Amino acid sequence: MKRLLVIRLSAFGDVIHTIPAVVALRKFYDLDWVVRAAYRELVEIVAGVRTISWKEVRGHHNVVVDFQGLIKSALLARISGAKERYGFARPFIREKPAAWFMNHHVPIDPSTHVIEWNLQLARGLERNLEMPRVDFTPFAASDPRGFERRIVLIPGAGKAEKHWPIERFRQLAAQIGSKALVVWGPGERPLAEAVGAEVAPPTNFRELARILRDASVVIGSDTGPLHLAAALGTRVIGLYGPTNPARNGPYGQIANCIETFTTTKLMNDIAVDSVVRKLEELT
């Protein structure tokens, strides 16, 4: 069996979106995934594959597939020494020079969701791959308990332009009442407290997964935790301004997105009333 190196270093949501394609490839290859340390446990538990550091990529693999499309990931592919190097065709990668390091450039349909982009890239290696059913629930920790059926709010986001204004979260939490629960990540506790609802305890990724799995509905912008909630099978409401929900929305729940991407692309233009109406539909 050929040895395959998968490259997708980060970020949290992008790793989640790459897992189905890797699971589809798993039965055809002896597979290693080079990924940042923070996401290794997620990959090992959910995708069921070995993870390695970037220092271990050289000289062990026949084939490499770069799901990231950056110069740094393409350099790792080249350093690996693999003779067959697969990546997205040049029009579909952010850093165009990355294509120079690949010798197989796979075209995709850009109108599809990014999870489907990744599966299309994987089909460059194995043509007849089908989208697998992936169970993310084993990633959820046994604790914390006691947060079942809550409406979970995610005020944080990786980029400032993805933030829904905190006063809107505050207004939303006031309408939800005692069922509202705010989750937060490193450095976000003041932001979470500003929502004015109950704040969840500090969590690692697996503990966060437990809260998200147990939630009634999860509400947030285009962030890793929102995508984790959707992958866990929890109902979500995605708030989308600068990013396209058709490509980056919660997979399987695009209809639950409230978006301004097709109009102003501004998070400020998402009204609290619109979120409340969608919440009423789901609950």
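Here is a quick briefing on the chain shown above, from its overall build down to two helices and one threonine. Keep in mind that this is a predicted model. The chain folds into 10 helices and 12 strands. Its radius of gyration is 19 Å, close to the 19 Å that the globule rule gives for 283 residues, so the chain is as compact as a globular protein of that length.

**The whole chain**

- Measured out along the principal axes, the C-alpha atoms fill a box of roughly 60 × 40 × 35 Å.
- Of the 283 residues, 54% are buried.
- Take the contacts between residues at least 6 apart in sequence: 58% of them join residues at least 24 apart.

**Surface and charge**

- About 12,800 Å² of the chain is exposed, and carbon and sulfur atoms supply 50% of that area.
- There are 37 positive and 29 negative side chains, and the centres of these two sets sit 5 Å apart.

**Helix α10**

- Helix α10 covers residues 272-282, and its buried residues are Val272, Val275, Val276, Lys278, Leu279 and Leu282.
- Looking down the axis of α10, those buried residues fall within an arc of 165°, so they line one face of the helix.
- That fits a general pattern: an α-helix has 3.6 residues a turn, so residues three or four places apart point the same way.
- Glu280 and Glu281 are exposed, on the face of α10 turned away from its buried side.
- The buried residues of α10 pack against β7 (151-154), α5 (166-176), β10 (217-221), β11 (235-240) and β12 (257-259).

**Helix α5**

- In α5, the buried residues are Arg168, Phe169, Leu172, Ala173 and Ile176.
- These residues cover an arc of only 135° around the axis, which puts them on the same side of α5.
- The elements covering the buried residues of α5 include β7, β8 (180-182), β10, β11 and α10.
- Right after α5 comes glycine 177, with a positive phi near 85°.

**Threonine 51**

- You'll find threonine 51 in strand β3, which runs over residues 50-52.
- With a relative accessible area of 8%, threonine 51 counts as buried, because the cut-off for buried is under 20%.
- Leaving out residues up to four places away in sequence, threonine 51 touches Trp33, Val35, Arg40, Val43 and Glu44.
- Proline 97 is 46 residues from threonine 51 along the chain, and their C-alpha atoms are separated by 26 Å.

Notes:
Residues numbered from 1 in each chain as written. Predicted model: local features only at pLDDT ≥ 70, side-chain atom pairs only at ≥ 80, totals over all residues. Heavy atoms only, no water. Helix = DSSP H or I, 4+ residues; strand = E, 2+ residues; numbered from the N terminus. Rg over C-alpha atoms; globule rule 2.2 N^0.38 Å. Buried < 20%, exposed > 50% of the residue type's maximum accessible area, 1.4 Å probe, protein only. Contact = heavy atoms within 4.5 Å. Areas by Shrake-Rupley, 256 points an atom, 1.4 Å probe, with all protein chains shown as cover. Lys, Arg positive; Asp, Glu negative; His and termini not counted. Charge placed at Lys NZ, Arg CZ, Asp CG, Glu CD. Arc of directions from axis to C-beta.
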